[in-house]
Protein chains: 4
Amino acid sequence: MFFASDNWAGAHSKVAERLLAASNGFASAYGTSELDQRVEAKFAEVFEREVAVFFVATGTAANSLSLASVQKPGGISFCHNEAHVAEDECGAPDFFSGARLATVEGALGKIDPKALATKIARFPQDAVHHGRAAAVTITQATEIGTVYSLDEIDAIASITKANGLPLHMDGARFANALVALGATPAEMTWKRGIDILSFGGTKNGCWCAEAIVFFDPEKAKEMHFIRKRAAQLFSKSRFIAAQFDGYFQDGLWLDLARHSNGMADRLRAGIEKTNSAHLAWPTVSNEVFTIIPKSSARTAEDKGAKFYEWPIPESQPDLVGSDETLIRLVTSFATTEADVANFLACLA
Amino acid sequence: MFFASDNWAGAHSKVAERLLAASNGFASAYGTSELDQRVEAKFAEVFEREVAVFFVATGTAANSLSLASVQKPGGISFCHNEAHVAEDECGAPDFFSGARLATVEGALGKIDPKALATKIARFPQDAVHHGRAAAVTITQATEIGTVYSLDEIDAIASITKANGLPLHMDGARFANALVALGATPAEMTWKRGIDILSFGGTKNGCWCAEAIVFFDPEKAKEMHFIRKRAAQLFSKSRFIAAQFDGYFQDGLWLDLARHSNGMADRLRAGIEKTNSAHLAWPTVSNEVFTIIPKSSARTAEDKGAKFYEWPIPESQPDLVGSDETLIRLVTSFATTEADVANFLACLA
Amino acid sequence: MFFASDNWAGAHSKVAERLLAASNGFASAYGTSELDQRVEAKFAEVFEREVAVFFVATGTAANSLSLASVQKPGGISFCHNEAHVAEDECGAPDFFSGARLATVEGALGKIDPKALATKIARFPQDAVHHGRAAAVTITQATEIGTVYSLDEIDAIASITKANGLPLHMDGARFANALVALGATPAEMTWKRGIDILSFGGTKNGCWCAEAIVFFDPEKAKEMHFIRKRAAQLFSKSRFIAAQFDGYFQDGLWLDLARHSNGMADRLRAGIEKTNSAHLAWPTVSNEVFTIIPKSSARTAEDKGAKFYEWPIPESQPDLVGSDETLIRLVTSFATTEADVANFLACLA
Amino acid sequence: MFFASDNWAGAHSKVAERLLAASNGFASAYGTSELDQRVEAKFAEVFEREVAVFFVATGTAANSLSLASVQKPGGISFCHNEAHVAEDECGAPDFFSGARLATVEGALGKIDPKALATKIARFPQDAVHHGRAAAVTITQATEIGTVYSLDEIDAIASITKANGLPLHMDGARFANALVALGATPAEMTWKRGIDILSFGGTKNGCWCAEAIVFFDPEKAKEMHFIRKRAAQLFSKSRFIAAQFDGYFQDGLWLDLARHSNGMADRLRAGIEKTNSAHLAWPTVSNEVFTIIPKSSARTAEDKGAKFYEWPIPESQPDLVGSDETLIRLVTSFATTEADVANFLACLA
């Protein structure tokens, strides 16, 4: 009953085996090997267009360096007020990009387009004192388990385009969002106006596989230096490539995300059937936020369940009763039907 | 005949298998798992004292964050003028630490203690205009295959102590230096006055395993924030821990370094026997710098040998004749006796 | 009728003459001259305790370097959401300090102590992902013309002390606040728990005279390097010292602030008497925020009045009627009774 | 007998009076006043072409922000190894630009063109590990009192052009160099290929007047943000403008430099006539480096002379005998013939 985070899971066996298979022999370093190049071509295939791909060590690196690549002195990057870049990366996006983050409100973890437009308007390109808009970043799936619809991404992109700003997507849970929408990678990104993507593999069955994807390779040239200066250029880069190779093989990555989302569906369905617990808000990816009696939380923990109690959102101070608690449940490729059933039994 | 770099080798089978074994099951993230803690204790055992250990993605990260942890505004970090931090890290040490590097001369890739003392004296602690000394970093084994003797480290450390400066060791090839000296890890580090160590596993049989080691854990507290802000905190940290676990098991790391150095010994011995080639300077670790006829270099390449031609050191402009070239040969855990024999045959 | 900003005024004649008098002769550079030292002693006298004083070029520099001197990796500095450091300094505080700003709500331009305590609690000292509290900064007088009472400063200081955080005061309009409260400099700063002060002279009759004041000189040692590295160490530092010398002479600085506040009092009184205009909120320093008919604004401009229309505060969207506008009027040492009378006549 | 530095002198009376005259009345802030614009036009006249001008507080700011405006991740700025940016600015150029400095040798304080070309060649535009060339900066007059001839600037500029690199001139003593060469401002700058100039007025009779001059205004757009973020945008900018207004009036700036250089000529001539002292190397601007008996140095100091003893250049370890010392004498607009005569008398 490990629902603490999808990064508590290990590596899927097919990824692990592909990595093991790549461990022998010699290959040129720093991303120049044949395998690196083959996997880069795989990315182009997955996204149905030429892309520039940069492997990095962590999702924080992918987000921070993406934003750094579009920075300006006095620049402002806009994100949702619960976004990972704002809340959970220790200031890394600011540190690497020199661009401050400004947060934008929005229901269900998603930037409200009107609020975004209003906020961007406060930072025009000649605002030497206030600072000027530099980029927008959205998270897909969001930090609270919801997913931007294609139309919702369009709405954001139309604002960034109107303002001449690049649009970045934090795709730490890209695959979970993709299968939730039933869209193709292209449909959810560059066809919507995404310019740069943090493509995460780690949470969905890899050990450590994160990539920055530029949909306009012309704009990626500085990234070679930005990444190296950020100490994110792996010497044995092929070991990241190998993971992605296994990840993409025969659509494994989508299968894993489907499994993970499916386990979350089971959780959601089970919770809706109980009298004691109820969903805090609707989610469609592999995160489930649930309000349960404190006693049930203790029971579940006693039986070995792992999960985090979650802070009550500032915008919903009355969400939770005095003898209740808000918990986050995250499923992964490694979650089993038995895990779900056992957890639901704790709530009964 | 892959002699281009030790980072062209893959992973040793025992490291790969240990990693595979760790791929199943759930474990808490961000370095808090039981395996992370066990491996941290292993470091304490290896170094015969309590240490604080921080896994990072690359050697550049280990060096840069180590220097960042002892930075001061206007600070200067001193290194050898051929050091990796100065020559091959794209300014990352400066970027992360805000401390400039000042280079110091010295024969055979090693800082000359007198030159160091003279240079430090130019940057006293009240030198607001010049800047002030902040740290010293040495590379063990050096960039050109030599190794500081224990006495030579003592000589450097006595200067840093006299000046109240922390001493860092870039140990990207720590194990190779260790077995070349026949010293213990403790003897080559904190017993000599090393304060912080970049402990490299990647070049010696891991996929990606680098650690920052503080010999005074009290001084390591800021590193938690420095590392996270630098986007170097792995979520599935256990996959680094697992590699080190295999690496340390039954002294594997020392065996691999002994093998690697031994292959270099064979190269050195073979070259000394030829008439056509000769060693550029004496080395004892797994790097061999050799002056060979350009025609031999072409022959070797035609037969599939991989190696880099090396820039002529500024201090030795006449090192190489007009029809000769200087090449660097690096051996690794994966180098075979046959590789060495085949290469030597190219020189005959 | 120049009410656009107090930085539109020139220099008071006594400051200008003192500067002229100091223009002859030779003096040692970089803050070491006899005059520099005499003025530093004057600061100690004014504040009734030993202080460390650092002249800088701008208020932005004073604020940014103050916050930089107490920075930590992953640090957060807390300020009011309308603070100058957050709104009008192009990210300089973040740039120099490496610490992000987090904004706190509060009525009338002043941080609400409860909101501050709540916000700080979200960033404890071990919050590697979120970041950790590093400092608090308040503005006295505030950006919207109000002034923290001594008790209100106490309330903020008790929170910073309880959390072990340094407390900075942005005193760009320090003198205006001081005479509004009728307090001594000591009473409004270190006796309340202020650790570092940006002491502004420019807006109150100097040309360019800003100082960072540390109330604990032991904590000021790094500032020598921070300032020089920030390109803020004047060679002919005495020309700043001379301005402060004239500024402090016979209490000139307080007289100027009294005059400036007095002119604002006249504006406030006159506006309260009119039927057509009314004060947007109560202020006591040299800033007056007024809601006037748009037609009156045009009339005043036609007659040569200079002032800024001000954005409607997000928290008070209905503050202003559809044919009204919110304007900011700033008085200075150079504002005359006639200026005030003429402006009020435009509203009649 | 104040020969310590030209920044020990105060302000010339005509500059001081112009500043006094500008102290009355109101003017718009942050560089938008009529006077600011008039002085900007004066710069265009002086340089015989449209320019973009940015006032800043210090020469260090001018240099650092100039280099920051042409920075790249992993960038290297090349300067002479005795340059002010490398030796005396506490790392500010690196801090603001994120570009490391690499020093180049050259006789008499001037970059050797061949050495520059060689060094640049080590940092090509695709050198992700080493870093890449970003800019070149020369100092005119140099730190040791010499001056690049127009041909010598051409030689440097032809290298920067061939490499596609911007060329910056540190003109802290621009006027002294100009009158030494008898060239026009245009001839010594953009007609030679200078792209950006740090134009210093402080050392030559202003209190505080430094400007960054872009010869291609199109490339200056980012500087508005770079300067503000660097806390270098003066609110009462007109007080800098006023100084430059007086400085340029009727060629005052050139007269002052001629006087200053002339006093240095007298020193040089006087020293060459003595038996006891001799010039360390030939200089033509307002700095004179002299080798004198230690006893003469003590005598001069006893009589009130102020000067700095200078470190022996590393390249000329035998420059000075055991009972001699190397001193630097700097003249200024305020140096008198009597000062010179009195100093020379100390050597007799």
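This tour goes through the contact of chain A with chain B, then that of chain D with chain C, and last the two domains of chain A.

Keep in mind throughout that the model is predicted, that local features need pLDDT of at least 70 and side-chain atom pairs count only at pLDDT 80 or more, whereas totals for chains, interfaces and linings use all residues. Residues are numbered from 1 along each chain as its sequence is written, chains are lettered from A and ligands numbered from 1 in the order in which they are written, and side-chain values use heavy atoms, with hydrogens and water left out.

**Chain A against chain B**

Begin by selecting chain A and chain B together and displaying the residues in contact (heavy atoms within 4.5 Å); chain A contributes 49 residues and chain B contributes 49 residues. The two chains bury about 4300 Å² between them, with 66% of it on carbon and sulfur atoms, where buried area is the accessible area (1.4 Å probe) that two parts lose on being put together, summed over both. Now pick out F26(A), W207(A) and K236(A), which lose the most area to chain B and together make up 20% of what the chain A side buries.

Next, look for charge pairing across this interface: the rule for a salt bridge (a side-chain nitrogen of Lys or Arg within 4 Å of a carboxyl oxygen of Asp or Glu) finds 0 between chain A and chain B. Polar contacts are pairs of N or O atoms within 3.5 Å; within protein, one must be able to donate a hydrogen and the other to accept it, and residues adjacent in sequence count only if both atoms are side-chain atoms. Between chain A and chain B, 24 residue pairs are in polar contact, both residues being at pLDDT 80 or more.

Then colour the helices of chain A, where helices (H or I, at least four residues) and strands (E, at least two) are DSSP runs numbered from the N terminus. At least two residues of the side touching chain B come from each of α1 (13-21), α3 (59-68), α5 (92-97), α10 (223-229) and α11 (238-248) of chain A, and α1(A) gives the most, with 4 residues.

**Chain D against chain C**

Move to chain D and chain C, whose contact takes 49 residues from chain D and 49 residues from chain C. The area buried here is about 4300 Å², and carbon and sulfur atoms give 67% of it. Select F26(D), W207(D) and K236(D), which supply 20% of the area that chain D buries against chain C, more than any other three residues. This interface has 0 salt bridges by the rule and 24 residue pairs in polar contact, both at pLDDT 80 or more.

**Inside chain A**

Finally, return to chain A and colour domain 1 (13-251) and domain 2 (253-347) separately, with bounds that come from an automatic or database domain assignment. The centres of the two domains, taken over C-alpha atoms, are 28 Å apart, and the contact takes 24 residues from domain 1 and 19 residues from domain 2. About 1700 Å² is buried between these domains, 62% of it given by carbon and sulfur atoms.

Which residue forms a salt bridge with R173(A)? Select E287(A), and the closest N and O atoms of this pair will be found 3.6 Å apart. Across the interface of the two domains of chain A, the rule also finds 10 residue pairs in polar contact, both at pLDDT 80 or more. To end, highlight α8 (174-181) and α11 of chain A, each supplying at least two residues of the domain 1 side that touches domain 2; α8(A) gives the most to that side, with 6 residues.
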